[in-house]
Amino acid sequence: MSISNKDETSAGLSIIVPFLNEEEGITKFCDTIDEHATKITFPIEVVFVNDGSTDDTLNILRSYSFKNVNRVKAVDLSKNYGSHAAIRAGVSNAYYDNCTWMGSDLQEPIEFLAMSFEKLKEGFDAVYVEKKSVKVSSVNRGFSKIYSRMMQKYAVKSYSSGGISVIVFNKKIKELLNHNIESNSSIMLQIMDAGFRYTTLSLDFHERSAGVSKWTLSKKIKLFIDSFVAFSFMPIRMVSIIGIIMFCAGVLLGLFTFINKLVNPEVPIGYSTLACIMAMGFGITNISLGIIAEYLWRAYDAARKRPVFLVSEVYDLSDKMGE
């Protein structure tokens, strides 16, 4: 009996691999994923997404000959849009209903593919893969912990305090992502905020296999801001709370100054106190305006409806398999 296209697409897993200037380690990744394909019982597709690379990574991929992976393609974006936009581009070009992503640096333990796929077969819509341990600098680890705890407390309650690096998900979530492509957002938080049935795997992560991380401080700050503005009202509420605190502090200081003047008429009213109050007030006002401006900018950006990513070309690398 022939297998329908629907049965075929639900039986496999598409792996999205965004990359930016990874020519040093991309061959090792290809070797690893191609060898691992012989150890699993379900078909896989690898969707490489070129997120504005300026080196030879794409040409290396196009010349590589896969032997065991069922489907391979490379999505070439018009410029660098960031890893989350690149993952969305990969999902929109994925063949199979079940999808995930992983880095070309092989930090994720590749065993998570089979483990997570089994969980999907058990009926879960999503599998969160958190970092049980990871060999990174203390600064990066500290940032990850702070981000995870704040996300869990103020944005998405289901976010793991250990830090979610990868999510494996089924057709329901794939359709959600493809029909709701959000700009200036976190794809992980969008999935978690949807409330689908999930389970969590805690695994040990590895060091980068080659090259240097492209996860710069500016990108971390942008993700931090995007996550809070897109999924939490905490910053805008903080503006109101600070305003109330400053109002109360001003009232108390005014009462203290008035009473002190009645008790001690000789005490002069100091200009230094007034300068401090004005500096604090203007500083808090500017911070508040900055937070409000972040929300306004994102509303304006969404209203323009500009594409989150633009695909320059899609290369089908399956034709080279077995050469």
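The following legends describe close-up views of a predicted model.

**View 1. Overall fold of the chain.** Eleven helices and eight strands make up the secondary structure of the chain. Of its 323 residues, 41% count as buried. Among contacts in the chain with a separation of 6 or more, 87% join residues 24 or more positions apart. The accessible surface amounts to about 17,200 Å², and carbon and sulfur atoms contribute 59% of that area.

**View 2. The largest nonpolar core.** This core comprises 65 residues. The members that touch the most others are Ile 33, Ile 44, Phe 48, Trp 101, Ile 167 and Phe 169.

**View 3. Surroundings of Phe 169.** Neighbours within four places in sequence are left aside in this list of contacts. Phe 169 contacts Asp 97, Asn 98, Cys 99, Thr 100 and Trp 101, as well as Leu 120, Asp 125 and Ala 126. Its other partners are Val 91, Lys 174, Leu 177 and Ile 191. Of these, Val 91 is one of the buried residues of helix α4, and Trp 101 is, like Phe 169, among the core members that touch the most others.

**View 4. Helix α4, residues 83-92.** The helix is mostly covered, with eight of its 10 residues buried. The buried residues are His 84, Ala 85, Ala 86, Ile 87, Arg 88, Ala 89, Gly 90 and Val 91.

**View 5. A nonpolar surface patch.** Leu 252, Leu 255, Phe 258, Ile 259, Leu 262 and Val 263 form a nonpolar patch of about 650 Å² on the surface. One of these residues, Ile 259, lies in helix α10, which spans residues 234-263. In an α-helix there are 3.6 residues a turn, so residues three or four places apart point the same way.

Note on methods
Residues numbered from 1 in each chain as written. Predicted model: local features only at pLDDT ≥ 70, side-chain atom pairs only at ≥ 80, totals over all residues. Heavy atoms only, no water. Buried < 20%, exposed > 50% of the residue type's maximum accessible area, 1.4 Å probe, protein only. Helix = DSSP H or I, 4+ residues; strand = E, 2+ residues; numbered from the N terminus. Core = buried A, V, L, I, M, F, W, Y, C linked by side-chain atoms within 4.5 Å. Contact = heavy atoms within 4.5 Å. Areas by Shrake-Rupley, 256 points an atom, 1.4 Å probe, with all protein chains shown as cover. Patch = residues over 30% accessible without salt bridge, like charges linked within 9 Å, V, L, I, M, F, W, Y side chains within 5 Å. Salt bridge = Lys/Arg side-chain N within 4 Å of Asp/Glu carboxyl O.
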